[in-house]
Amino acid sequence: MGMQNKTLINHFNISTQQFLQLQQKAKTGLYEWDLINNICIATEHFYEIFGWEKMDSFAINEKFWEMVHTEYVQPLKDKIDFAIANEEFFEAYYWIANGKNQQKYIHSYGQIIRDAEMKPLVMKGLLMDVTEKKYYELSLERANEELKKQVQELKIKKQELRKKEQALSDAQSLAKLGSWEWNLEDSSVNWSDEMFRMFGYEPYTVKPDYDLWASHLDAATIALFHEKYVQCVADKQPYNFTHSFIDAGGKEKWLQARGKVNFSEDGIPLQLQGIAIDITEQKEIERKLKKRTDELNFLADNALDLISLHNEEGKVIYASPSWENFIGLSPEKLLNISPKEIMHPDDIHLVAKIMETVFLTDETLHHVARLKCSDGNYR
């Protein structure tokens, strides 16, 4: 029987030792607080957490409360009082500066033991050192806050980028200017919004590529583009040329195309990028102006009246054929001469004054002057 008791005692001691080791590994301490006498007893690891030398018992007094961070003292007292008064289970988190001046974050549990009359006698519980976990959580919170900050900054940058892209799109639309990129490695093509509109498409309703672009051009224009591209690669200089095309609606338009080739460090062409300016309206104005000029030239060339144009110095820059019939001088011989050279001396002053008035006011004035013919006589 004695041997059996000794074995049980040894087994109990081993179990107790293992239990203490488990407490240490779990950073957990047990306590029992006598609420009547204000005496607390605790396990060894409880003292380790609080940085105290192990003692038989201690009182929950100012020494204890001075260790608790100020902002946690009153909330912790309130929780203990509430548990005692309301037969509640106690739980709290709080920071302490222990006896070794180490900052510890404590997770504490407690249960109130009462007598038959429900008078509180003892609080039994445990507390855990969760400092590492808390630091991890704080680190995670800081990382999350930093991530939120970066995400917010990214959102702001994206919003700013969208605004800039919209402003660029609006500016291109107003200027009728589109931009494009052609990746020579994978043949991918990117168009700005205005490039789509120029070719008669709503932005991104079709996939831009070489074949789509070429389908709007005639063979001569495509050949000219390739000629410009080859020269651009050889000279490593931008190209610039004007061409017509037919948009998706069948309308003829005109573009002024400008582009350049981007090379790798080894001189291999990587990307072709450029801009296109819709000059259709300008071409239409030029066409109408040329038509009107041709009509005026026809009238002037066939008029019986003497018609001439002069620059700001008064010299002739155009003379109708009728001049040759009137004074015997061809239009070619009249170019770059001053009216004074073929005018009667008595009329020069009056004509000079009239011409000055015309140049300054754009008024239409009439005058009579005598002109010197090729034979020296005046008419």
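Which helix does Thr 131 lie in? Thr 131 lies in helix H5, which covers residues 131–175. The model you are looking at is predicted, so treat this report as a guided walk through a computed structure.

**Thr 131 and its surroundings**

Is Thr 131 buried or exposed? Thr 131 counts as buried because its relative accessibility is 7%, and the cut-off for buried is under 20%. Leaving aside residues up to four places away in sequence, Thr 131 touches Trp 95, Gln 103, Lys 104 and Tyr 105. For a sense of distance, try finding Ile 60: Thr 131 and Ile 60 are 71 residues apart in sequence, and their C-alpha atoms are 22 Å apart in space.

**A sheet of five strands**

Now look for an open sheet of five strands, in the order E2-E1-E5-E4-E3, with antiparallel pairing. Strands E2 (39–42) and E3 (90–97) stand at its edges, and each has a single partner strand, so one side of each is left without a neighbour in the sheet. On average, neighbouring strands of this sheet are turned by 25° against each other, direction ignored.

E3 pairs with strand E4 (residues 103–114) in the antiparallel sense, over eight bridges. You can pick out one of these places by finding Ala 92, whose bridge partner in E4 is Ser 108. The loop between E3 and E4 holds Asn 101. Asn 101 is not a glycine, yet it has a positive phi of about 60°. Asn 101 counts as exposed because its relative accessibility is 63%, and exposed means over 50%.

Helix H4 (residues 70–86) lies across four strands of the model: E1 (28–34), E3, E4 and E5 (120–129). The helix runs at about 155° to E3.

**Strand E6 and its partners**

Here is a general pattern to keep in mind: in a regular strand, the side chains alternate between the two faces of the sheet. Strand E6 (residues 177–183) shows this alternation. Gly 178, Trp 180 and Trp 182 point to one face and are buried, while Leu 177, Ser 179, Glu 181 and Asn 183 point to the other and are not.

Which strands pair with E6? One partner is E10 (residues 269–278), in the antiparallel sense over seven bridges. Another is E7 (residues 189–191), also antiparallel, over three bridges. Glu 181 makes a handy landmark here: it stands opposite Gln 273 in E10 and opposite Asn 190 in E7.

E6 and E7 form a hairpin with five residues between the strands. Ser 187 has its place in that loop. Ser 187 has a positive phi of about 65°, although it is not a glycine. With a relative accessible area of 47%, Ser 187 is partly exposed.

**Spaces inside the model**

Finally, let us turn to the empty spaces. The count comes to two cavities of 30 Å³ or more, and there is also a largest pocket to explore. The table sets them out.

| Space | Volume | Lining residues by class |
|---|---|---|
| Largest pocket | about 590 Å³ | 15 nonpolar, five polar, one charged |
| Largest cavity | about 250 Å³ | 15 nonpolar, one polar, one charged |
| Second largest cavity | about 180 Å³ | 14 nonpolar, one polar, no charged |

The largest pocket has a volume of about 590 Å³. Of its 21 lining residues, the closest to the centre are Ser 308, His 310, Val 351, Met 355 and His 367. Strand E11 (308–310) and helix H12 (348–361) each supply at least two lining residues, and H12 gives the most, with five.

The largest cavity has a volume of about 250 Å³. It is lined by 17 residues, and those closest to its centre are Trp 180, Trp 191, Met 195, Trp 213 and Phe 225. Among the elements that give two or more residues to this lining are E6, E7 and E10, and E8 gives the most, with three. Trp 180, then, links two parts of our walk: it is a buried residue of E6 and one of those closest to the centre of the largest cavity.

The second largest cavity has a volume of about 180 Å³. Of its 15 lining residues, Tyr 31, Trp 33, Ile 60, Phe 64 and Tyr 94 are the closest to its centre. Elements that each supply at least two residues of this lining include E1, H4, E3 and E5.

Conventions:
Residues are numbered from 1 along each chain as its sequence is written. This is a predicted model: local features need pLDDT of at least 70, side-chain atom pairs count only at pLDDT 80 or more; totals for chains, interfaces and linings use all residues. Side-chain values use heavy atoms; hydrogens and water are left out. Buried means under 20% relative accessible area, exposed over 50%, partly exposed in between (1.4 Å probe, protein chains only). Two strands pair if DSSP finds at least two bridges between them. Axes are lines fitted to C-alpha atoms, for helices over the stretch in contact, and angles run from 0 to 180 degrees between N-to-C directions. Contact means heavy atoms within 4.5 Å. On a 1 Å grid over the protein atoms alone, a cavity is a set of points where a 1.4 Å probe fits but cannot get out, and a pocket is an open set with protein on both sides within 12 Å along at least five of seven lines; lining residues have an atom within 4 Å of a point. Grid points are joined across faces, edges and corners, and a volume is the space filled by probe spheres set on the points. Ala, Val, Leu, Ile, Met, Phe, Trp, Tyr, Cys and Pro count as nonpolar, Asp, Glu, Lys and Arg as charged, and the others, Gly among them, as polar.
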